[in-house]
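Let's take a friendly walk through some strands and some empty spaces. Have the structure open beside you as you read.

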Amino acid sequence: MSFRTPGSGRAMRLPRRPRLLLPVVIALVVLVALFFLFAGIFTDYLWFDSIGFTSVFSGVLLTEIMLFVVGALLMVAIVGGNMMLAHRTRPMFGPAMFGGSSGADRYRMALDPHRRLIFLIGMGVLALFSGSSLAGQWSTWLQFVNGAPFGETDPLFNMDKSFFMFTFPFLRMVLTFLFTAVVVSAVMAAIVHYLYGGFRLQSPGVHATRAARAHLSVLLGVFVLLKAIAYWIDRYGLVFSDRGFRDGASYTDVSAVLPAKTILAIIALICAGLFFAGVVRKGGMLPGVAFGLLVLSAVLIGGVYPSLVEQFQVRPNQQAREAPYIQRNIDATRKAFGIDTAKVTDYNAQGDPSKVDVNSDSSISGVRLLDPTLVSKTYQQKQRIRGFYDFPDQLDVDRYPDASGKERDTVVAVRELTGPPPEQDNWINRHLVYTHGYGIVAAPGNEVDSEGLPDFDAKDMPVTGDLAQRTGLKQPRIYFGESSSTEYVIAGGSTTRTKQELDYPLSAGASGQQNTTYDGKGGVPVGSFFNRLLYATKYGEINMLLSGDINPRSQILYVRNPRDRIEKVAPFLQMDANPYPAIVDGRVVWIVDGYTTSDNYPYSQSKSLGDMVRDTATDTRAIPQQPRDEINYIRNSVKATVDAYDGTVTLYAWDDKDPVLRTWRNAFPGIVKPASAMSQDLRSHLRYPEDLFKVQRDMLSQYHIVDPGAFYSGQDFWNVPNDPSLRDGDVKQPPYYLSVKMPGATEPTFSLTTTFVPREGPNLAAFMSVSATPGQDYGTLRILRMPSNTAIPGPGQVQNNFTNKFSGELNLLGLGNAQIRYGNLLTLPFAGGLVYIEPVYVQTTAASGQEPYPILRRVLVSYGNKVGSADSLDDALEQVFGESAAQAPPPEGAPVTSGETTNNATANVLASTIDEAQQAYADAQTALAASPPDWVKYGEAQQRLRAALDKLKATEPASAATTAPTAAPTPSPSATPSAPASPSSTPAPSPASSS
């Protein structure tokens, strides 16, 4: 009789199922992970292939794979080989070798049955980390094998500078890798020897087998040998030393550290020999002697001796000792940052407005008045058209010919898409319908209309205006731009009869929208199921597989920001923070400046790139910190363009003599075109890059001094002034693009300008400009140095003078809720002096249904001891120069008979008239605030306000225009102080403002 429970045999086999299921789950997880990895890599390949830069993709990928394999294999071979050697040379009797057991026995017994698995997993992890670390150094390897010579030698070792730029970083990388491998090998070999009885830590001392002692002695000897090599190579690193007064080898480095490194390298070789001798000689005396000698020499020779030289020879006579090395730093820094050719000219800046004939020199009458930062809001309100379009916070300044063919500064922007309205924000609308922006908007920088608004000559949808016609704009659609609201769009799939992509709203009086279909070449085809599957995986979006709107004609467009797009195809370039749009050959293209940078230029001063380029304009754009921040070498080597419609990226070698660019062109041949391949239309829109100019002005604030003694004292160092238009904050004033006529020039040129103030004090120290127009004079830095014994007002002082002298007039403009906003304070050399020009805007505060925007209401001008304020630049210039130039000054000591009398007689009238204007403005605002607005009362208030202003004008003394104004306001009739109260300039009643 059997007592077995029925079915008990089958129950005993159930535990086998989890053992079979686990490998299946692991295999599925691995396959899914590999598919995600494959999707990421292959979609990258498809993207590079779509724009014709597969050589960059394959070049970087193959280099990374090669370095990964080499790094992984070398690390596994070195560390794994030493571990296997330690295991093979374990003592035959194991734990009993030195008698008794130890704590290592239980660890060995636990690990020994699984040692192969543990070894393989450990080597796999080590290979992954070491291979990935070395693969990340692909740029160091490519620069090493493709390095182009500089043709210049450093002053210390007389070696070509390419050694320090390309070879030295590679040698340090190799040494770091070998040091890591030897240290890890020594640690792992010691663990294996300990576990298998090769040595024991017991009293007294350490007991080790001969094999263990020999093995570890060899590893220590190799480590010290590498240290000897490192000491020798470190000698070349002294050209980057920061020990002295400035970067580069100092007196102590050359006199003490350099010979010390040589001696230490020799001592390290001797110590390595002593460690190797421990292989054949028993005992720890030789390794102990070697270790002690190594430590003692490092402390005494490498540390104490240089410190003594620094303390007792250098510091008491630092200026004399360091003078030759400061000179090396000055020469190298000026060369590395491209400021060695800057031309410094002494400029008296003592202009007398009474002797200036402004009519004979009209160079300042066309100065740009529109502030690209302030008028952004105006562009948004007047040209946004719909709420799902927008303009950037920082507009751009370019130049276009006017009707007569004369180039003039123009403020430009493109109308970009921010995404569908919130109530229609779904996957189809966001990625298939709302795919692109539309149109370029431009206005002359020196003109406004009768309302104080930009006088647009390219505007609306479709684009109209004289500028659009003169440039032959054919393709206004913006599929690639700075707005990143939508990571990707899928375009081109709709047919001719069923166009799906929103192009632009229909004209006034009609409803609906004009649609289009993308027919460019800037996307990756996603018609096939395989490609759709890959991108559905990449973006985690199942709709890509299910949507019926995606067909064989569809393309996916991503990486649409111009900077990101260029950085992806040219990862060796540092891109300028401010791409700008231009109409080139009938198409809108983004122009971006690319830099080659390095921190390995010998003797040059290193500094943070982010700190050098940061100012109010950069803060406004919120540019993130750059990844390669510390630099001591920069060149504007590449001009790049991105077509706003099809995303085509083109790189042009702007500085083909740059050795760093030539190195990268050797690594990636054919991706950078020669500058001669540019069209003339494109060349006419190139400009000197903003970030490079900021870097150069930062360095020139100190390195305009070429004498080491004067440099050491630093008494003539400069600072970039803070932006005077800000009432609070400590942020540098940005440089400005405008047309400037420098002393000695025959006509104004489009330039980038800035000012300097002394390190201590607000006075003007220098004015600097660079010709931004491609040509023979392009890139020439010119500095006008002010006299050091005369106080020339700086930007902050001029701003303070404007505010004080015109406080009454400007306060009248800012009555009620209106806000006075100062535009960019422009500084220009003119007639032997300096003229300051500043636009003043009025902006209301936000109210129900209103979005305020600034309106140009005043132009302030200062020259010498004269200031003026008027509705237009010409009128302000006439106040400063006109009557003074026509009339001779009164004889010295002549009695003043009219000024005081007139002022006293009109003071009461002015005060009462101002009260009338204030009351009229308040009544107008009350009428506007009513719901609905009372337009009858509003009109009556406007008439009373106009009458008050006319009365003010009639009461104004005749001499007030050409003398320093008092606190009393002097507005002209055409510029109403209640700018926002005018129906044409108030956001609320304007139809365009509410869209």
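What follows covers the pairing around one strand, then a small open sheet, and finally a pocket and the cavities. Please keep in mind that this is a predicted model.

**Around β18**

A good place to start is strand β18, residues 587-598, where 11 of the 12 residues are buried. The partners of β18 are gathered here.

| Partner of β18 | Bridges | Sense |
|---|---|---|
| β16 (574-575) | 2 bridges | antiparallel |
| β17 (580-584) | 5 bridges | antiparallel |
| β21 | 9 bridges | antiparallel |

Individual residue pairs help you find the register. Met575 has Gly594 of β18 as its bridge partner, and Gly594 also stands opposite Val638 in β21. Further along, Pro581 is bridged to Trp590 of β18. β17 and β18 make a hairpin with 2 residues between the strands, and there Asp585 takes a positive phi near 55°.

In general, strands of a sheet pair through backbone hydrogen bonds, in a parallel or antiparallel way.

**A three-stranded open sheet**

Next, look at the open sheet of 3 strands, ordered β11-β15-β14 with antiparallel pairing. Its edge strands are β11 (488-491) and β14 (524-525), each of which pairs on one side only. β14 is joined to β15 (residues 555-558) by 2 bridges, and Val524 stands opposite Ile556 in β15. Lying across β11, β14 and β15 is helix α15 (residues 529-539), which runs at about 30° to β15.

**The largest pocket**

Which elements each supply at least two residues to the lining of the largest pocket? They are β21 (633-643), α20 (659-667) and α22 (690-703). The greatest contribution comes from β21, with 4 residues; this is the strand that joins β18 through 9 bridges.

The volume of the largest pocket is about 720 Å³. Its lining counts 27 residues, and closest to the centre are Gly338, Asp340, Thr341, Arg635 and Asp655. By class, the lining of this pocket has 11 nonpolar, 6 polar and 10 charged residues.

**The cavities**

Rolling a probe the size of a water molecule over the atoms reveals where empty space remains. Here, 5 cavities of 30 Å³ or more turn up, and the largest cavity has a volume of about 120 Å³. This largest cavity is lined by 15 residues, with Leu417, Thr435, His436, Gly437 and Arg560 nearest its centre. The lining of the largest cavity divides into 5 nonpolar, 8 polar and 2 charged residues.

Notes
Residues are numbered from 1 along each chain as its sequence is written. This is a predicted model: local features need pLDDT of at least 70, side-chain atom pairs count only at pLDDT 80 or more; totals for chains, interfaces and linings use all residues. Side-chain values use heavy atoms; hydrogens and water are left out. On a 1 Å grid over the protein atoms alone, a cavity is a set of points where a 1.4 Å probe fits but cannot get out, and a pocket is an open set with protein on both sides within 12 Å along at least five of seven lines; lining residues have an atom within 4 Å of a point. Grid points are joined across faces, edges and corners, and a volume is the space filled by probe spheres set on the points. Ala, Val, Leu, Ile, Met, Phe, Trp, Tyr, Cys and Pro count as nonpolar, Asp, Glu, Lys and Arg as charged, and the others, Gly among them, as polar. Two strands pair if DSSP finds at least two bridges between them. Contact means heavy atoms within 4.5 Å. Axes are lines fitted to C-alpha atoms, for helices over the stretch in contact, and angles run from 0 to 180 degrees between N-to-C directions. Buried means under 20% relative accessible area, exposed over 50%, partly exposed in between (1.4 Å probe, protein chains only).
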